[in-house]
Each structure stands twice: as structure tokens, then as C-alpha cells.
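Work through the following exercises with the sequence and the model open beside you. Try each task before you read its solution.

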Amino acid sequence: MSILVNKDTRVICQGITGKAGLFHSQKCREYAREVRTDSDVFVGGVTPGKGGQTVDEFPVFNSVAEAVEKTGANATMIFVPPPFCGDAIIEAADSGIDLIVAITEGIPTLDMVKVSNFLAKTNARLVGPNCPGVITPGVAKIGIMPGYIHSSGPVGLISKSGTLTYEAAWQLGNLGLGQSTAIGIGGDPIIGTDFIDLLEMFENDPGTEAIMMIGEIGGDAEIQAANYIKEHVTKPVAGFIAGQTAPPGKRMGHAGAIISGGAGTAAEKMEALEAVGVVVAQSPADMGKAMQEAIARKGS
Amino acid sequence: MKIHEYQAKELLKAAGVTVPDGIIAKSADEAAAAFDKLGGDLAVVKAQIHAGGRGKGRFKEQPEQPGVVLVRSADEARKNAELMLGNTLVTIQTGEEGKQVNTLLVEAGLDIAQELYAGVVVDRAAGGPVLIMSSEGGTEIEEVAHNSPEKILNCNVDAGHGLQAGQVRKVSHGLGLDAAAMGSAQKFLPKLAKFFNDNDCTQVEINPLVVTGSGEFVALDAKVAFDDNAMFRHKELLELRDLNEEDESEVKAGDAGLSYVKLEGTIGCLVNGAGLAMSTMDLIKHHGGEPANFLDVGGGANVEQVTEAFRIILADDNVKAVLVNIFGGIMKCDVIVEALLLAYDQVGFTVPLVVRLEGTNVEKARTMLAESGKDIIAATDLTDAAQKVVSSISA
């Protein structure tokens with residue numbers, strides 16, 4: 001079992017005629033074909049004005065609505081450039097897409113505010129933006145993560161950061177801990193799916209036995225997650241918070257990773273998570289071990 | 001992107017937000033002339049730097065001189081300007097090195113009845129812009145939030161429709177304003193919120209927001225910052241950028257598509273991905289070292305970017321060793337090593353270089369490193385890398 005992505009997922013790519021959009025669509029198709037020979041998961045793409053073309057066997061449509069009608073797609077992976085990306089997300093939601101994975105980095109914050117107001121009125125779920133995407137190992141990946149570092153297994157992995165997700169998946173894999181589903185939620189100030197949404201899904205997913213969450217400085221999402229874990233999560237949880245040494249008031253790559261006024265420090269977040277029984281890795285080298293320890297603790 | 005107070009006030013004034021009468025002065029003579037032109041018997045001379053805390057700040061070259069000063073004559077304006085212009089102002093926010101003052105803002109004095117606080121920021125929890133107000137004007141809002149959180153009022157601002165009249169009534173009641181002051185709030189606050197939305201701001205802070213003796217709202221100070229990601233639709237605002245206010249190496253890194261923040265330590269880092277880059281700093285600290293910088297080369301680094309990244313890291317005299325930490329995903333490890341080896345020759349390393357690689361094509365990449373004949377220390381995992389780079393300094 002898994003969350004978000006399963007065997008019925010059919011994906012299109014918005015921005016498929018761009019370099020990154022096509023490259024990653026090809027990689028995702030390759031991954032899906034390696035693990036599943038029965039049907040195609042990646043069914044086409046959208047670039048307004050280029051409908052009717054085919055790029056490397058992917059049919060291109062002028063609109064998401066047309067792509068949905070002709071392919072039965074229920075998920076989208078978005079590579080549309082930042083100025084137009086908010087619009088692309090709204091189009092996908094309005095066209096009946098269930099899962100929207102926005103990879104694009106650099107969307108204006110106020111565009112995302114309008115997007116998230118719009119999404120609240122629909123049933124669509126947004127992952128990202130500015131994220132590596134979602135992978136259910138052995139089923140499908142919708143995103144830019146390297147497929148081979150993820151093996152199938154019992155750990156639900158949630159992370160704000162891209163390469164740190166890879167690092168965590170790698171460490172988990174070396175310890176024989178594969179993932180049910182791994183999700184990068186993105187580090188922007190306004191995102192779609194957050195820690196709590198995913199904690200709830202993993203808690204309810206029979207295929208997930210343990211949860212690893214990787215946060216970073218800025219905001220209070222990890223503190224909220226800690227409160228949620230205390231009340232609702234029975235499965236073992238391990239965590240890590242990036243940015244213990246980051247100076248206050250400076251932006252560390254991710255727009256969200258800025259500490260101001262002493263709120264959102266790594267120390268506060270680590271403490272809040274530990275207080276609710278989460279095993280928190282002190283060093284990024286020990287993320288896998290922390291998960292192992294959390295599982296052992298619950299088991300004893 | 002941050003701008004100066006005087007620039008913020010010009011923009012706010014154009015948007016219909018009331019600001020004091022003010023004149024820019026770049027010389028002592030201009031400061032004196034500005035006092036005369038304003039025509040009152042009281043004016044304020046304010047040093048223009050991006051950092052806050054100017055009133056309590058002092059100049060390196062003139063330890064008695066504050067960054068904001070009240071003057072009562074043209075002569076006094078001139079004398080203060082002489083002590084400020086060209087000198088270095090150190091405030092709680094500038095760090096020890098301070099900032100050189102090249103511009104002054106001379107403003108007419110106001111009849112101040114009350115000082116409030118007004119700010120608009122994007123709040124993650126609310127999922128949009130929020131107006132923050134307090135009756136404790138003139139104090140840092142973080143301090144008010146800490147000491148007397150009950151004095152802070154929040155109000156959601158719709159990103160499309162701005163602040164509504166009913167919301168202004170709500171905050172006016174919370175602030176204990178009388179009917180006349182509420183009328184002023186109705187003229188002032190919705191325009192402030194609209195300014196925030198129209199210009200893709202990340203921060204608009206008016207502290208203090210003055211209520212004058214006649215009940216008018218005036219923005220006595222103004223701090224404005226814009227969303228870098230939205231600058232494509234505000235090209236005119238880019239002209240307000242002041243490169244003197246930014247760290248030279250951070251500007252250089254930005255131009256090369258790198259994300260770099262200078263820190264105080266001795267171990268330079270080059271990493272792909274923001275989260276992994278922050279974690280690498282943590283890792284160094286965990287093993288007893290101090291990171292010299294944050295540097296994210298991004299997902300698609302090429303030879304030019306890696307070379308520029310090394311140049312920027314090594315230009316920092318504090319750097320005694322460099323750690324490269326790459327988790328190759330889509331970006332293959334052998335491609336990174338190729339760039340690394342070329343950059344290594346072009347830059348000319350004089351400090352130890354520790355490289356940790358993992359991910360796609362790592363075996364090939366490790367072989368390339370080993371066969372390069374260069375003095376590069378290979379590390380097998382994160383802990384090994386941190387230990388090797390820290391001990392390379394102490395050795």
C-alpha cells in the first residue's frame with residue numbers, strides 16, 4: 001500500500017515541451033515501465049499552443065481539460081515557468097485533476113496565496129511547489145528524484161528539502177528500510193500538502209509502519225506537526241531538522257528557511273518533536289539510524 | 001529585495017499613504033538647505049541604511065553621533081550631516097563592520113500624540129498576508145510579541161481584495177481609537193495593504209505609525225521589502241536596489257545562479273540542494289568545526305558555476321579547508337567531478353579539499369577522483385567527510 005500514488009495513477013506533464021519537463025517525463029516513464037509492464041503511467045503532456053504534436057511519443061494537448069478528456073489523466077507534474085505556474089496549478093485543479101505535483105521553483109508568494117485560496121474550493125491536492133515530487137517505489141514516481149535510491153518498504157518519508165530527501169532515502173535503504181511513499185513538500189512559505197496532511201495519510205495507510213519527517217528552520221509547521229503526532233499518530237516517528245547552525249534573519253536557499261525574531265529555530269523544533277516521542281537525529285548522518293531506533297523503541 | 005526608507009516613503013506617498021515632508025541630502029550643505037526648505041523649527045536627520053536600530057546606533061568614526069537625530073536649525077542639520085555622511089554606522093542589525101552612510105533623509109518634525117505599530121507580512125499559518133498592529137509603536141514588534149502578546153492585533157488581508165472597511169473598524173476598536181482616529185485609519189490602512197499586494201511585498205513595516213495632534217495617521221518610519229521571485233513584473237523597482245548594502249560575494253554568487261550566504265567559520269562548503277547545504281553546516285558544527293558559508297550550487301551545476309563557487313569560497317580569508325558534499329540525483333556524480341577537477345585547476349587550491357559523493361554514477365566518479373592525481377581527500381559518508389575536514393584544519 002501507499003499514499004497519493006497508486007496503480008491507478010495516470011500522469012500528464014504541464015510544460016512537457018520544455019527541456020526539464022520532457023527530460024523528467026522520460027525519466028518517470030522509464031521508471032514506471034521498469035517496474036510495471038502492464039500499462040503506461042505517463043500518458044502525455046500540455047503546452048498551450050502546441051497541441052496535436054507528439055514529443056518522444058508523448059501526445060501534447062492545448063489544455064489540461066483536453067488532456068484529461070483524451071487520456072483519463074488524474075495527476076499532473078508541473079514544470080511551467082514561475083510567472084505562469086500559479087495559473088497552471090489553477091487550470092489543473094479546475095479540470096478535475098486529483099493530484100498536482102508542482103516542481104517549479106520561484107513562484108511569487110502572492111501567486112501561491114491566490115492558488116491556495118482557489119484550491120480550498122476544490123478536491124485537488126497540491127504537492128509543492130519547489131519540491132522534488134512524490135514516489136511510491138515499485139509503482140510510480142512523479143518528480144525529479146532518482147528512482148534507484150528508493151526501495152519499496154514500510155517507511156513513509158516526508159521532507160521539506162530535495163537532496164536531503166535523497167540522503168534520507170539512501171540512509172534508510174542502506175539499513176534495509178524501504179519506503180511506502182516518499183514526498184518532498186517543498187520549502188516555500190505557502191505550500192499545498194503539509195506535514196500534518198501526510199502524517200494523517202501515513203497513519204491511516206496499512207502499508208506504512210513507520211514515519212520519517214525532515215524539516216528545517218523557519219515557520220512553525222514542525223511544531224504543529226509535533227502537536228498532531230502527540231494526539232493522533234501511533235506509528236513510530238523519526239525526525240531531523242536542517243539549519244541548526246543557520247544565522248538568524250538570513251535566507252538559506254529556500255525562501256521559507258529564514259528565522260526571524262527567534263521563532264522557528266532548529267532547537268525549538270527538535271525539542272518539540274522529542275517531547276512527543278519522536279526520535280530526532282542530531283546529525284544528518286544519523287537520519288536512518290534514528291528511524292531504526294524509533295521502530296525498535298515502539299517494538300519493545 | 002530591501003530598499004531604503006526614503007525610497008519606501010516615495011513609493012508609499014505615490015500610493016496615497018501619508019508620510020512626513022522630507023528631502024534627500026547627500027552633503028552637509030544639502031542638509032542645511034533641506035532644513036530651511038522644510039520651513040519648520042524642528043526637523044529629523046536620518047541616516048539611510050537598510051538595517052534597523054539607527055536611532056540607538058553610533059558611528060565608528062564619531063562614537064557620540066546617533067544615526068537619527070533631532071535638529072532645530074539649519075546649522076545644526078549641517079553639523080550633524082558632517083558627522084554622519086561618509087562615516088560608518090553600527091547598529092544592532094549591521095554587525096560590527098557597520099554600514100557606510102551616503103544619503104540622509106531630512107524630515108519635518110511632527111506633532112506626535114500617539115505612536116502605533118503597523119506591519120503587513122505573509123503569514124504561513126494564515127496562508128496569506130496579515131496586517132499586524134499594536135498600540136506599542138516605536139518598539140520592535142518581536143519585543144512586544146514576547147513581553148505583551150495581548151497588545152498585538154492580527155487581521156487577514158485578502159491577496160486580491162485587500163483590507164475591508166469593517167476590518168479597519170475591528171482593529172481600530174482593538175487599538176482603542178476614537179471616531180476621528182478611526183476615520184484616519186480608514187484612509188491609511190487599506191492603502192497600506194493595497195501597496196503590499198500591488199507591489200508583491202514580503203514586508204511593509206510602519207514603526208512608528210504616528211497619530212498627530214490633529215488625529216492624522218503619518219508613517220514616521222517605513223521598512224519595505226519585495227519578493228525577489230516577483231520582480232519580473234516590477235522591473236521599475238529593480239532600479240531601487242542598492243548594491244552597497246549587500247555583501248559583495250553574495251551578489252556575485254547570485255549573478256552566477258548560486259545561493260551563497262557568508263558565515264563566520266573556517267570550513268567552506270559546496271553542496272547541491274538547500275536542505276543538504278544547511279545540513280552540511282550542521283554536520284560540520286556537530287563534529288567541532290565552524291562553517292564559513294552556506295552554498296547551494298543547485299540541481300544543474302556546470303563547470304562555470306562550480307568554478308565560480310570555489311572562487312567565492314576561497315576569496316574568504318577565513319577559509320582553512322573546503323568540504324564538497326554532493327548527492328547526485330539527476331545531476332550525475334561523474335559530471336560533478338568533471339567540473340570539480342577543471343575548477344580545481346583553474347582556481348588553484350591552497351587549502352585541503354574533502355569530497356564526499358553519493359548517488360548516480362558514484363563509482364565512476366570516485367575512480368575519476370582517485371586517478372586525477374590531485375591532492376583531494378575522498379570521504380565515504382557524511383560523518384567521515386565531516387571528521388576528515390575538521391581534522392584537516394587541526395592537523
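**Exercise 1. In which strand of chain B is the place of B:Pro208?**

Before starting, note that this is a predicted model, in which local features need pLDDT of at least 70 and side-chain atom pairs count only at pLDDT 80 or more, while totals for chains, interfaces and linings use all residues. Residues are numbered from 1 along each chain as its sequence is written, chains are lettered from A and ligands numbered from 1 in the order in which they are written, and side-chain values use heavy atoms, with hydrogens and water left out.

Solution. Step one is to find the element: B:Pro208 belongs to strand β11, residues 201–212 of chain B, where helices (H or I, at least four residues) and strands (E, at least two) are DSSP runs numbered from the N terminus. Step two is to look at the peptide bond from B:Asn207 to B:Pro208, which is cis, with omega near 5°. Step three is to find the other case, the cis bond joining A:Gly128 and A:Pro129 with omega of about 10°; A:Pro129 sits in the loop between β7 (125–127) and β8 (133–136) of chain A.

**Exercise 2. Describe the backbone and the exposure of B:Asp200 and A:Leu4.**

Solution. Begin with a general rule: most residues other than glycine have a negative phi, and most peptide bonds are trans. B:Asp200 is not a glycine, yet has a positive phi of about 50°, and it lies in the loop between α6 (179–198) and β11 of chain B. At 4% relative accessibility B:Asp200 is buried, a word that means under 20% relative accessible area, with exposed meaning over 50% and partly exposed in between (1.4 Å probe, protein chains only). A:Leu4, in the segment before β1 (11–14) of chain A, has a positive phi near 65°, and its relative accessible area of 22% makes A:Leu4 partly exposed.

**Exercise 3. How many disulfides does a search of the whole structure find?**

Solution. First recall that a disulfide is a covalent bond between the sulfur atoms of two cysteines; here the test is a pair of cysteine sulfur atoms within 2.5 Å. The search finds 0 over all chains. Next, take A:Cys13, which is in no disulfide, the nearest cysteine sulfur being that of A:Cys28, 8.3 Å away. That distance is too far for a bond. Finally, check exposure: A:Cys13 is buried with a relative accessible area of 0%, and A:Cys28 also counts as buried at 0%.

**Exercise 4. Which residues of the largest nonpolar core touch the most other members?**

Solution. Start from the term: a nonpolar core is a set of buried Ala, Val, Leu, Ile, Met, Phe, Trp, Tyr and Cys residues joined through side-chain atoms within 4.5 Å. The largest core has 93 residues, and A:Met77, A:Ile142, A:Ile158, A:Met212 and A:Met291 touch the most other members. Helix α8 (residues 274–286) of chain B gives the most to this core, with 6 residues. Apart from it lies another core, of 67 residues, including A:Val80 and B:Met1.

**Exercise 5. Place A:Thr165 in its surroundings.**

Solution. A:Thr165 is part of helix α5, residues 162–174 of chain A, and counts as buried at 3% relative accessibility. Neighbours within four places in sequence aside, A:Thr165 is in contact (heavy atoms within 4.5 Å) with A:Pro132, A:Leu157 and A:Ser159.
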